[in-house]
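Morning, everyone. Please bring up the sequence and the model on your screens, and we'll walk through a few pieces together.

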Amino acid sequence: MSLSDRLRAELGDSGVLEGAAVGARHRSDMSGTGAAMPQLLVRPRTTAEVAAVLKVCNAAGASLTVQGGLTGLAGGANPGSGDVALSLELLQGIEEIDTASATMVVRAGTPLETCQRAAAENGLFLALDLGSRGSCHIGGNLATNAGGIRVIRYGMAREQVLGLEAVLADGTVMSSMNRMLKNNAGYDLKQLFIGSEGTLGVITRAVLRLHPPPGPITTTLCAVASYPQVVALLRQAQAGLGSVMAFEAMWRDYFDFNTRALSLHFFAQTHPFSVILESTASTDVVEAFLAQCLEDGLISDALIARSQAQVREIWSVREGYPIETLPNLLNFDVSLPIGRIGDYAEACTGTLIARWPAAHVSFYGHVGDSNVHICVSTLYCEGESMHDVDDIVYGVLGRYAGSISAEHGIGSVKRPYLHLSRTGEELALMRRLKQALDPNGILNPGKVI
């Protein structure tokens, strides 16, 4: 019996697609780096069906690539030509919301925005938030340990998880659906799978931690003259405004490009840095804080959003959709000690422009959680490719004790550079874990390690 026949016996004909029925979207995540079509696409609806798929593939030695909403930017969901693509898009639904314990039990294929709305309808708040909220899946968010705009207040995706269910390579279901904030009964097994990008097991369900709603949020756009002042503004805001919900810095090239493209105008002149600062402090408190910052010379200008429409305008600049139209655009996601981000941005930009004088290079990012994103667009000469840009961005980063991935994962795109952010001993331990949990190497081969 062929592999497709064995999988159809478990999932039915509608659960297994091949050939033209697979569809081109399953070739690559949003990085656009995938080239191969999987030989089969399987779409299980339950944890039991996921387990059956893995058991069949493991016995056959068939490699398997896990796919969620395909919003990743590191090639983690890109299949090889002989792979089975395991899509979790049908494994969705919210099973339970417990308002007493402030928890949500959710299936891996559920879109993040669906979970956010369900929490809000029950008077609670799911802190994880990403620009791709409408299409990314909870399973993918956890498999990549997603970050987003609320990390400075609530932490990464792993901080939103109390319990987890995952299926191992041999089909074993590891159900650790803890619902308590405190549980020190042995190893915290869920952490093996959060951030492992489907290389150690397939996440199928999770218990998410919810929070009280933060209440009204005041959104401010600040103009700042230097990177050290950006850092000083962050620390002043955390001390003077209490709960800072977001702190997003945009370097001049990024801010100016997007405001021009969106026909938006906020300040009388351009500034080296623009910062979106959101907090739960009242408008009066924020006004007093900004007045003091202006008096102290910490900021050059500021405005407080007076309507939701203005909030959306400010955030539309940060989301930066116009910049996606640039040719050969590469988006980088790195982290490094907050105090060194400004120096790294200068060194990286200088090195890139020296190589490609006409290139667009711009920086933006969360900063308050040590994360910065880089946009690079250039026209390559003969014999050059995106990897020449990678070599510079990550090579310069290595001099500043940074990480090649802050929140997007490693996937296949960043795998050649992982040694710049991990020691040989760490990489060896990762390989031992991989061998222990996936001895036949069927789960997301070629990803991470």
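I'll go through some strands, then a sheet, then a pair of helices. One caution before that: this is a predicted model.

Let's begin with strand 6. Find residues 103-107. Is this strand mostly covered or mostly open? Mostly covered: of its five residues, four are buried.

Now look at its partners. A general reminder helps here: strands of a sheet pair through backbone hydrogen bonds, and they can do so parallel or antiparallel.

One partner is strand 5, residues 94-98. Strand 5 and strand 6 run antiparallel, and four bridges join them. To see the pairing, find Ile97; across from Ile97 is Met104 in strand 6. These two strands form a hairpin, with four residues between them. Stop at Ala102 in that hairpin. Its phi is positive, near 55 degrees.

Strand 6 also pairs with strand 9, residues 202-209. How many bridges are there in this pairing? Five, and the sense is antiparallel. Here the pair to look for is Val105, opposite Val207 in strand 9.

Next, a sheet. This one is open and has seven strands. Read the order with me: 13-10-12-11-15-16-14. The pairing is antiparallel. Which strands sit at the edges? Strand 13, at 301-304, and strand 14, at 330-335. Each of these edge strands pairs on one side only. Going from one strand to the next, the twist averages 15 degrees.

Let's zoom in on one end of that order. Strand 10, residues 218-224, is joined to strand 13 by four bridges. The two run antiparallel. Within this pair, Cys222 stands opposite Ala302 in strand 13.

Last stop: helices. Find helix 8, residues 252-262, and helix 10, residues 308-319. They pack with their axes 8 Å apart, at an angle of about 120 degrees. Why call helix 8 oblique to helix 10? Because the angle of about 120 degrees falls outside the ranges for roughly parallel, antiparallel or perpendicular, helix 8 counts as oblique to helix 10. The crossing of helix 8 past helix 10 is right-handed.

Who makes the contact? From helix 8, it is Tyr254, Phe255, Asn258, Thr259 and Leu262. From helix 10, it is Ser316, Val317, Arg318 and Glu319. Sort the residues of this contact by class, and you get four nonpolar, three polar and two charged.

That's the tour. Questions, please.

Conventions. Residues are numbered from 1 along each chain as its sequence is written. This is a predicted model: local features need pLDDT of at least 70, side-chain atom pairs count only at pLDDT 80 or more; totals for chains, interfaces and linings use all residues. Side-chain values use heavy atoms; hydrogens and water are left out. Axes are lines fitted to C-alpha atoms, for helices over the stretch in contact, and angles run from 0 to 180 degrees between N-to-C directions. Angles under 35 degrees count as roughly parallel, over 145 as roughly antiparallel, 65 to 115 as roughly perpendicular and the rest as oblique. A crossing is left-handed if the near helix is turned anticlockwise from the far one by less than a right angle, and right-handed if clockwise. Contact means heavy atoms within 4.5 Å. Ala, Val, Leu, Ile, Met, Phe, Trp, Tyr, Cys and Pro count as nonpolar, Asp, Glu, Lys and Arg as charged, and the others, Gly among them, as polar. Buried means under 20% relative accessible area, exposed over 50%, partly exposed in between (1.4 Å probe, protein chains only). Two strands pair if DSSP finds at least two bridges between them.
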